[in-house]
Amino acid sequence: MRKVVIVIGMLVLAVGALFMMEQPSVQALEEAEAMVEPVALYQGGDQEGCLTCHDGIENIREEDSGMMVALSAMGECTACHGGDPSVTLAEGDVISDTATVEAAHTPTGRLDEFFPDPGSLWVADQTCGLCHPGYVDALERSLMNTEAGKIQGNLWSWGIQEDQHVIYGNYDVEGAETILGNDTYKEHMTAMKEKFPDQFPESLEMLPNPTVEEIEADPKLAGFTYQRQQCQRCHVAVKGRPKRGDWRGMGCSSCHIPYSNEGLYEGADQTIDKTESGHMLIHSIQGTREARNGIPTETCNTCHNRGKRIGVSYQGIMEFPYGTPFDENGGKQPKLHTKQYLFIKSDLHHEQESRPENPEGGLLCQDCHTSIDMHGDGNIFGTTLAQVEIECTDCHGTTVEYPWELPIGYGEEFGEDLAEAEARGVGTKDDLEDGGNYATLYDEQDGYLLTSRGNAFGNVVLQTDGTVMVHSATGNDFLVPVLKQLSEDGEWKNQDAQVAMESVGAHMDKMECYACHADWAPQCYGCHVSVNYSVDADGNPLVDTDWVATANQKDSGDKYDNFIKSPGKVSESRSYLRWEEPVLGVNGEGRVTPLIPGCQVIFTVRDREGNVLTQNEIGRTPANVEGAGAEGQRGLDMAPVQPHTAGREARRCESCHGNPKALGYGIDGGRFMQGYEVDRYVDLYNPDGSVMPENAQVQMQAIPDLPMDLSQIVDPETGEQLQTVGSHWPDSGPLTEDQRTRMERTGVCMGCHQNMADESFWTDKVIAKFGTVMSNDEHIDVMNQIIQEAVKDAVEE
């Protein structure tokens, strides 16, 4: 059978250039059919038997597409699913007849098993991988499947992880090699891997599953239960959670087969129950302009609604506990991804897609993120920054350099000095990561823009008139605002933009664009986790779905009924939510970035008898890291993030320079949310401060190791770091003391207004010259006058 698969794969690859293009010529189609005819004969070719049951089912691609022609030659249905197409539904038989179904789904050709979901990662080497060589191996090692970064970060918070070396994934995985990408990209990745071996491991071990006895002896090991039951459901080799908004396929089908939030089939196949959730929306592949106009944002959000929440944030929504406004029956909004949402403001790249009154449509996730960002490149990645190859400046450039004038690596310097590096230039078809074989091939005109690692964006084109165009998979095209062009043309929207991006060069050189341009960021402070290993009301041991164990069944099923349970039951809650003005810190690339609570774990664990083993404990990192001593740092991780909430108008200067929270000192300097180190009663009190009722209950339980507000990462008095900031890269952390000193201008108003105490000075000099009432713009002008006069006086002296 392996020889047959190899022969078929060679035949398919031999005609790849003919049938993989989205609009092949008639001659190419004829040659493709002729060359793969032996495969069709081997498979049986005739699909009439399948359609006697599945009458009305949609073609997986458009009938005249190169992909559909190739599949037709290979056997259509059986090329991907296997089965016996010679079995037909006899007169008088019913579709649900078990014997007929079993016979039809018994393999007779190339595939030795029937695959309900042929996109499953565990069978894709026999299906999708035949025509897309390398991608199955890459996807198996990518973060979309291993979730290695999430695991490492969470275990760091629980005090389990001993260093930044990435050890665990959802599966045992070995072999890391850059098999995708052009030569420039491969050279860049070789250097990155040599510099950061901890973040690019050569292998991964499956996430351990300690016994309950081991956890009772060391309660922090409950972090493994939390990880396996709550955090690992969002990788592509396992089915999604059977909840509204979480329905999806497996492997390639996770993204390339559309599932609605309701999980209901809306096609014409008569065998699929249209009232039963858990089915694809339609039997059709989505991916490019030609394939259903790309992959909708909401497909990505079947997973990207937790953790850093970048998917739902891109749509402009953030979870909140109220569920208002009410519907026409007085009920709350339906839960989506098990949560209810508040609309705040969508990312400017997305907002047109989300507004019915503007049918033009915005950018999809895939319009910016490359194939490698999604599928990986064959390496094992330990963090998001390790896998994602794009930067904002790849398309927008800087105020002094066009995108093609920037060097490879700009925006993700990781401490490297690129001042003498040569310009990256633009690319041709040969620089495309896939050689132009799979995605829509756009006219390159003066060249394709390159990513920070050297691959060509196949959809971002430098046009012959000097403008940059991004071709969206939706079918829409957008001109890209290029900063150097705006600067040369003097087309700044306002003076703030010119000063921030052009006059203060350090902003562009040392900050992520989204440090200022992120309008907001979801901030879920305090991740309170309770892990209970006791019994339920009926005396049965508490258990829940173990997503790692479930995934390691490695099946290709299409049902939501094969979940494996493991001991323990996890419940979660939080301290408080915010969305405005996130804290700033430094990411692994060494640039200033927004921070959000990554996983500020405060955990409580109960044993099999229901006894509390530890209550409201905060894990500690290894000794002498992140500004801590022998006791380690508090594992309340504040994570560097690209919030995906970009706005045209950036944060105001004051929101950083006059804001203690932005500097890391906490909301309003950390003066709130104090006193959680002791139990707090709310009842009647005696004059001496003791609680009057003997039966008084503790209203708020103590968190013994929490002397500060959860938004505070640095003590403003001592400069001491108070919690972890990023767990993956050596350069991530709070703003440095030098950065905070340069930034902080809190209280500068008193520079002038302290003189209000001198009535004669204020009245006779200030008011007499400037007046009593000034608008904000007038106030700015006055300050400018005062500064210019002061400088003039100083020069004259």
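**Sheets, loops, a helix pair and cavities**

Four strands form an open sheet in the order 6-7-8-9, with antiparallel pairing. Strand 6 (448-450) and strand 9 (477-479) are the edge strands of this sheet; each has a single partner strand, so one side of each is left without a neighbour in the sheet. From one strand to the next, the twist averages 45 degrees. Strand 8 (residues 468-471) and strand 9 run antiparallel and are joined by 3 bridges. H471 has D477 in strand 9 as its bridge partner. The model described here is a predicted one.

A further open sheet contains 3 strands in the order 1-3-2, and its pairing is mixed. Here the edges are taken by strand 1 (168-169) and strand 2 (173-174); each has a single partner strand, so one side of each is left without a neighbour in the sheet. Strand 2 is joined by 2 bridges to strand 3 (residues 203-206), and the two run antiparallel. The bridge partner of E174 is S203, in strand 3.

Backbone geometry was examined in the loop between strand 4 (317-319) and strand 5 (341-343), where P325 is found. Most residues other than glycine have a negative phi, and most peptide bonds are trans. The peptide bond from T324 to P325 is cis, its omega being near 0 degrees. T338 is also placed between strand 4 and strand 5, in the loop. The phi of T338 is positive, near 70 degrees, in a residue other than glycine. The loop that holds P325 and T338 thus combines a cis peptide bond at T324 to P325 with a positive phi at T338.

Two packed helices are described by the angle between their axes and the distance between the axes. For helix 12 (residues 148-157) and helix 15 (residues 222-231), the axes come within 10 Å and cross at roughly 140 degrees. The crossing of these two helices is right-handed. On the side of helix 12, the contact involves K150, I151, N154 and L155, which meet G223, F224, Y226, Q227 and C231 of helix 15. By class, this contact is made up of 5 nonpolar, 3 polar and 1 charged residues.

Internal voids were searched for over the whole structure, and 3 cavities of 30 Å³ or more were found. The volume of the largest cavity is about 70 Å³. Its lining includes A237, V238, K239 and M250, together with T550, A551, Q553, K554, D555, N562 and F563. By class, the lining of the largest cavity comprises 5 nonpolar, 3 polar and 3 charged residues. The charged residues K239, K554 and D555 are among those lining this cavity.

Conventions
Residues numbered from 1 in each chain as written. Predicted model: local features only at pLDDT ≥ 70, side-chain atom pairs only at ≥ 80, totals over all residues. Heavy atoms only, no water. Axes fitted to C-alpha atoms, helices over the stretch in contact; angles between N-to-C directions. Left-handed = near helix turned anticlockwise from the far one by under 90°. Contact = heavy atoms within 4.5 Å. 1 Å grid on protein atoms, 1.4 Å probe; cavity = no way out; pocket = protein on both sides within 12 Å on 5 of 7 lines; lining within 4 Å. Points joined across faces, edges and corners; volume = space filled by probe spheres on them. Pairing = 2+ DSSP bridges.
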